[in-house]
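Trainee: I would like to learn how to read a structure feature by feature, from the surface inwards. Could we go through one together?

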Amino acid sequence: MPRSSLSLPNTWRWLLLSLACVLSSWLLALVHMPAGGFIGPMAVAIVYGVMVGGLALPRSAFKLSQGVVGVLIAQTLTLAVLHQILDAWPVMLLATAITLLLSLAVGIALVRHGGLPGTTAAWGTTPGAAAAMVAMAEESDADPRIVAAMQYVRVVCVVLLGALVSHYLGVTDTSSSHAAPLPTSARAWLDLLATLAVVVAGVWLCHRRLPAGALLGPVALGTLLHLGGVVTLTLPQPLLELAYGVIGAYVGLRFDRATLHTIARALSKMILASLVLIALCALSAWLVTLLMHTAFISAYLATSPGGLDSMTIIAIDTHADVGLVVALQTLRLFTVVMVGPGMARLVARFARPS
């Protein structure tokens, strides 16, 4: 443990980290950076994890925060959006296949020239929910530390570039149209309690049964109850900001000195591989815009090789087509779960003899 992590009690270190996260979110909001409530805490936590270390958020906090984002997604999935998704399923399958083929090509290049073991490089470059990819990598006897580092390095690259692309395409209104004011009546408090119950129930029911279940469970449960008129979903802005911050800090705190030492020799190649994959996926997004007549920013976020939760946060903040982003990212996630082991074995065949 670094000496600096011993100089202050745990409570004070958490307080300082929290204040730094809040300050970073506020500063990014001043410059209208999309998903600043996610990016700011992530950047602060990366610096803290590498320079100081000694802190880790509970996984339950991360899963519940994903559940809040899942309910936020459920608010956006109206019947019109669902019909649009059903009408466009052939294009979505094509876009998913292109993204997986591109990640396969990048994985092969990385295992040939990056000095990484075959199955590790395969799982590290496969786009999907990072936690799910790490779990599946462990089952395939890959090195979970390197896979986690590769996944989160790519998530950081994707999130930062996604936010910058959104910003420079002219999307500057980062206020969430789905955020509710703080409850001021008994009815509003009941709606909030019911929404929180959906979050907890969705996470509890699905987090062990589905890949990214902590996110997709509340999406499915919230959508059914919302469309059926059973529950009025409401998420106050402070609750959303808290969820964004927890997810960002959780990702950032995964980076520490031990992780960097593990991947130091291949870090530059990992970043290069991530950037190449992002650029290639951006070309596939251009194809999606031609076939679906949608805005480029929506197609870009939908095809980006990032996590479902982080891409959704940016999509909501930039008022992109959230339904398209969620549908494509979810379809790719489940496809990866089915074909991932085969992709890993294929990439491993291209490894240089040791």
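Trainee: Is H293 buried or exposed?

Mentor: Before we begin, keep in mind that this is a predicted model. The question is settled by relative accessible area, where over 50% is called exposed and under 20% buried; H293, at 72%, therefore counts as exposed. H293 is found in the loop between helix 13 and helix 14.

Trainee: What is the phi of H293, and how should I read its sign?

Mentor: The general idea is that most residues other than glycine have a negative phi. In this model the phi of H293 is near 55 degrees, a positive value in a residue that is not glycine.

Trainee: Let us follow the chain onward from that loop. How many of the residues of helix 14 are buried?

Mentor: Helix 14 covers residues 296–303, and 7 of its 8 residues are buried, so the helix is largely enclosed by the rest of the structure. The buried ones are I297, S298, A299, Y300, L301, A302 and T303.

Trainee: And on the other side of the loop, which residues form the nonpolar patch on the surface?

Mentor: The patch is formed by L94, W286, L287, L290, L291 and F296, which together have about 540 Å² of accessible area. Helix 13, residues 267–292, contributes the largest share of the patch, with 4 residues. W286 has its place in helix 13, and with a relative accessible area of 52% W286 is exposed.

Trainee: How does such a patch compare with the general expectation for nonpolar side chains?

Mentor: In soluble globular proteins, nonpolar side chains tend to be buried together. For the interior of this model, look at the largest nonpolar core, which has 81 residues, and in which F38, V159 and L301 have the most contacts. Apart from that core lies another, of 12 residues, including L110, I263, L277 and C281.

Trainee: Which residues does V159 contact, once its neighbours within four places in sequence are left aside?

Mentor: V159 is in contact with F38, I39, M42, S310, M311 and I314. The wider statistic to set beside this list is that residues 24 or more positions apart account for 78% of the contacts with a separation of 6 or more in the protein.

Trainee: Now for charges. How many salt bridges does the structure hold?

Mentor: The structure holds 1 salt bridge, formed between D191 and R187, with the closest N and O atoms 3.6 Å apart. The general step here is to ask how the partners are placed in the chain: because D191 and R187 are 4 residues apart in helix 9, about one helical turn separates them.

Trainee: Are D191 and R187 buried or exposed?

Mentor: D191, at 14% relative accessibility, counts as buried, whereas R187, at 56%, counts as exposed. Helix 9, residues 186–206, also holds W204, which is exposed with a relative accessible area of 63%. The C-alpha atom of W204 is separated by 9.2 Å from that of L64, although these residues are 140 residues apart along the chain.

Trainee: Which polar atom lies 2.7 Å from the side chain of T335?

Mentor: A backbone oxygen, that of L331, lies 2.7 Å from a polar atom of the side chain of T335. T335 has its place in helix 16, residues 322–348, and at 17% relative accessibility T335 counts as buried. Not counting residues up to four places away in sequence, T335 touches T96, L100 and G340.

Trainee: What would a residue between buried and exposed look like, taking L260 as the case?

Mentor: L260, found in helix 12, residues 257–263, has a relative accessibility of 25% and counts as partly exposed. L260 touches V50 and L267, again not counting residues up to four places away in sequence. L260 and I146 are 114 residues apart in sequence, and their C-alpha atoms are 9.4 Å apart in space.

Trainee: To finish, what is the secondary structure of the whole protein, and what part of its residues is buried?

Mentor: The secondary structure comes to 16 helices and 2 strands, and buried residues make up 55% of the 354 residues. The accessible surface comes to about 15,800 Å², of which 70% belongs to carbon and sulfur atoms.

Methods:
Residues numbered from 1 in each chain as written. Predicted model: local features only at pLDDT ≥ 70, side-chain atom pairs only at ≥ 80, totals over all residues. Heavy atoms only, no water. Patch = residues over 30% accessible without salt bridge, like charges linked within 9 Å, V, L, I, M, F, W, Y side chains within 5 Å. Areas by Shrake-Rupley, 256 points an atom, 1.4 Å probe, with all protein chains shown as cover. Salt bridge = Lys/Arg side-chain N within 4 Å of Asp/Glu carboxyl O. Buried < 20%, exposed > 50% of the residue type's maximum accessible area, 1.4 Å probe, protein only. Polar contact = N/O pair within 3.5 Å; in protein donor to acceptor, adjacent residues only side chain to side chain. Contact = heavy atoms within 4.5 Å. Core = buried A, V, L, I, M, F, W, Y, C linked by side-chain atoms within 4.5 Å.
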